[in-house]
Amino acid sequence: MTLECGMRFLSDYLDGDTYFKINREGQNLDRARTQFKLVSDMEENFDLLNKIVEKY
């Protein structure tokens, strides 16, 4: 989901910000970058996240 949202924000930015409402120029690009960073962090911590899920 996170990667998909990042791709949608990026696509909207490239298409002229027609789908997601923006309050400032470049907002969808920033949103995309934030989502991609979150994906990267999730991948880096994949083993730890799995251990937490298994515990509970």
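Colleague: How many aromatic pairs does this structure contain?

Modeller: The count comes to two aromatic pairs, taking ring centres within 6.5 Å as the criterion. One is formed by Phe9 and Phe20, whose rings are tilted, with 4.6 Å from centre to centre and 50° between the planes. This pair links distant parts of the chain, since Phe9 belongs to helix α1 and Phe20 to the loop between α1 and α2, eleven residues apart. Please bear in mind throughout that the model is predicted.

Colleague: Are Phe9 and Phe20 buried or exposed?

Modeller: The classes rest on relative accessible area: under 20% is buried, over 50% is exposed, and values in between are partly exposed. Phe9 therefore counts as buried, at 14%, whereas Phe20 counts as partly exposed, at 25%.

Colleague: Which residues form the other aromatic pair, and how are their rings arranged?

Modeller: Tyr19 and Phe20 form it, and the arrangement is edge-to-face: 5.0 Å centre to centre, with 85° between the planes. Tyr19 is exposed, because its relative accessible area is 67%. Taken with the Phe9 pair, these ring contacts join Phe9, Tyr19 and Phe20 into a cluster.

Colleague: I should like to turn to the helix that carries Phe9. How is the length of α1 to be read?

Modeller: One compares the distance from the first C-alpha to the last with the span expected at 1.5 Å a residue. Helix α1 runs through residues 2-14, 13 residues in total, and reaches 18 Å, close to the expected 18 Å.

Colleague: Which residues of α1 are buried?

Modeller: They are Thr2, Gly6, Phe9 and Asp12. These residues lie on the same side of α1, because they cover an arc of only 130° around its axis. The general idea is that an α-helix has 3.6 residues a turn, so residues three or four places apart point the same way.

Colleague: What do the buried residues of α1 pack against?

Modeller: Their packing partner is helix α2, residues 27-44. Arg31, a residue of α2, offers a view of how the parts of the chain meet. Its C-alpha atom is separated by 7.0 Å from that of Gly6, although Arg31 and Gly6 are 25 residues apart along the chain. Leaving aside residues up to four places away in sequence, Arg31 touches Phe9, Phe20, Lys21 and Ile22. Arg31 is nevertheless partly exposed, with a relative accessible area of 24%.

Colleague: What should I look for in the backbone after α1?

Modeller: The sign of phi is instructive there. Most residues other than glycine have a negative phi. Gly16, which follows α1, has a positive phi, near 100°. Asp17 also has a positive phi, near 55°, and Asp17 is not a glycine. Asp17 is found in the loop between α1 and α2, and counts as buried because its relative accessible area is 17%.

Colleague: How many salt bridges are there?

Modeller: Side chains of opposite charge can pair when their charged atoms come close. With a cut-off of 4 Å between nitrogen and oxygen, the count here comes to four salt bridges. Among them is the contact between Arg8 and Glu4, at 2.7 Å from N to O. Arg8 and Glu4 are separated by about one helical turn, because they stand four residues apart in helix α1. Both partners are partly exposed: Arg8 has a relative accessible area of 48%, and Glu4 is at 40%.

Colleague: Where do Asp41 and Lys37 lie?

Modeller: Both lie in helix α2, four residues apart, which is about one turn of the helix. Their side chains meet in a salt bridge of 2.7 Å, N to O. Asp41 is partly exposed at 28% relative accessibility, and Lys37 is partly exposed at 48%.

Colleague: Which residues are linked in a network of salt bridges?

Modeller: The network links Arg24, Asp30 and Arg33. Within it, the side chains of Asp30 and Arg24 meet at 2.8 Å, N to O. Asp30 counts as partly exposed, with a relative accessibility of 30%, and Arg24 also counts as partly exposed, at 42%.

Definitions and conventions. Residues are numbered from 1 along each chain as its sequence is written. This is a predicted model: local features need pLDDT of at least 70, side-chain atom pairs count only at pLDDT 80 or more; totals for chains, interfaces and linings use all residues. Side-chain values use heavy atoms; hydrogens and water are left out. Helices (H or I, at least four residues) and strands (E, at least two) are DSSP runs, numbered from the N terminus. The expected span of a helix is 1.5 Å times one less than its number of residues. Buried means under 20% relative accessible area, exposed over 50%, partly exposed in between (1.4 Å probe, protein chains only). The arc is that of the directions from the helix axis to the C-beta atoms. Contact means heavy atoms within 4.5 Å. Rings of Phe, Tyr and Trp (its six-membered ring) pair if their centres lie within 6.5 Å; planes under 30 degrees apart count as stacked, over 60 as edge-to-face and the rest as tilted.
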